[in-house]
Amino acid sequence: QVQLVESGGGLVQAGGSLRLFCVASESISRFASMGWYRQAPGKQRESVAVISSGGSRNYAASVKGRFTISRDNAKNTVYLQMSSLKPEDTAVYYCNAHSEGFIRNVDYWGQGTQVTVSS
């Protein structure tokens, strides 16, 4: 089972930037997609950005134009560059690896990294 380890979270002022890292214990090229999700207190986990194995990207409307997801297959790493951060971006950010099988799909999750944006 793949292990996903996130890092790069922290406390930043509104308007600032952070870069999140997700390192996988095995090749990420075998997954249909890799993504970043977030969960704020009292809210459901939501998709932030997803990148497919082919490199296509999808973003939540709330982060489009401010966040960029990328991947380095050679390093088994997925990145989330976050700019122009807002207090409403405050959440625990989780890395996801999505596997599509013949019978079922499987999702793997990291332990999360906290991002706090102060106003």
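The following exercises, with worked solutions, examine a disulfide, two strand residues and a nonpolar core in a predicted model.

Residues are numbered from 1 along each chain as its sequence is written, and side-chain values use heavy atoms, without hydrogens and water. Because the model is predicted, local features need pLDDT of at least 70 and side-chain atom pairs count only at pLDDT 80 or more, while totals for chains, interfaces and linings use all residues.

**Exercise 1. Locate the disulfide and describe its setting.**

Step 1. A disulfide is a pair of cysteine sulfur atoms within 2.5 Å. A search of the whole structure gives 1 such link. Cysteine 22 and cysteine 95 form it, with an S to S distance of 2.1 Å.

Step 2. The angle about the S-S bond is -80 degrees, and the link is left-handed.

Step 3. Strands (E, at least two residues) are DSSP runs, numbered from the N terminus. Cysteine 22 belongs to strand 3 (residues 18-24) and cysteine 95 to strand 9 (residues 91-100), so the bond ties together parts 73 residues apart in sequence.

Step 4. Buried means under 20% relative accessible area, exposed over 50%, and partly exposed in between (1.4 Å probe, protein chains only). Cysteine 22 is buried at 1%, and cysteine 95 is buried at 0%.

**Exercise 2. Contrast the surroundings of arginine 19 and valine 78.**

Step 1. Arginine 19 is in strand 3, whereas valine 78 is in strand 8 (residues 77-82).

Step 2. Arginine 19 has a relative accessible area of 39% and is therefore partly exposed. Valine 78, at 0%, is buried.

Step 3. Contact means heavy atoms within 4.5 Å. Beyond its neighbours within four places in sequence, arginine 19 contacts Ser7, Gly8, Tyr79, Leu80 and Gln81. With residues up to four places away likewise left out, valine 78 touches several residues, including Leu20, Cys22, Met34, Trp36 and Ile69.

Step 4. From C-alpha to C-alpha, valine 78 lies 8.3 Å from cysteine 95, at a separation of 17 residues in sequence.

**Exercise 3. Identify the residues of the largest nonpolar core that touch the most other members.**

Step 1. A nonpolar core is a set of buried Ala, Val, Leu, Ile, Met, Phe, Trp, Tyr and Cys residues joined through side-chain atoms within 4.5 Å.

Step 2. The largest core has 30 residues, and those touching the most other members are Leu4, Met34, Trp36, Leu80, Met82 and Tyr93.

Step 3. Among the elements that give two or more residues to this core are strand 3, strand 8 and strand 9.

Step 4. In soluble globular proteins, nonpolar side chains tend to be buried together.

Key: Helix = DSSP H or I, 4+ residues; strand = E, 2+ residues; numbered from the N terminus.
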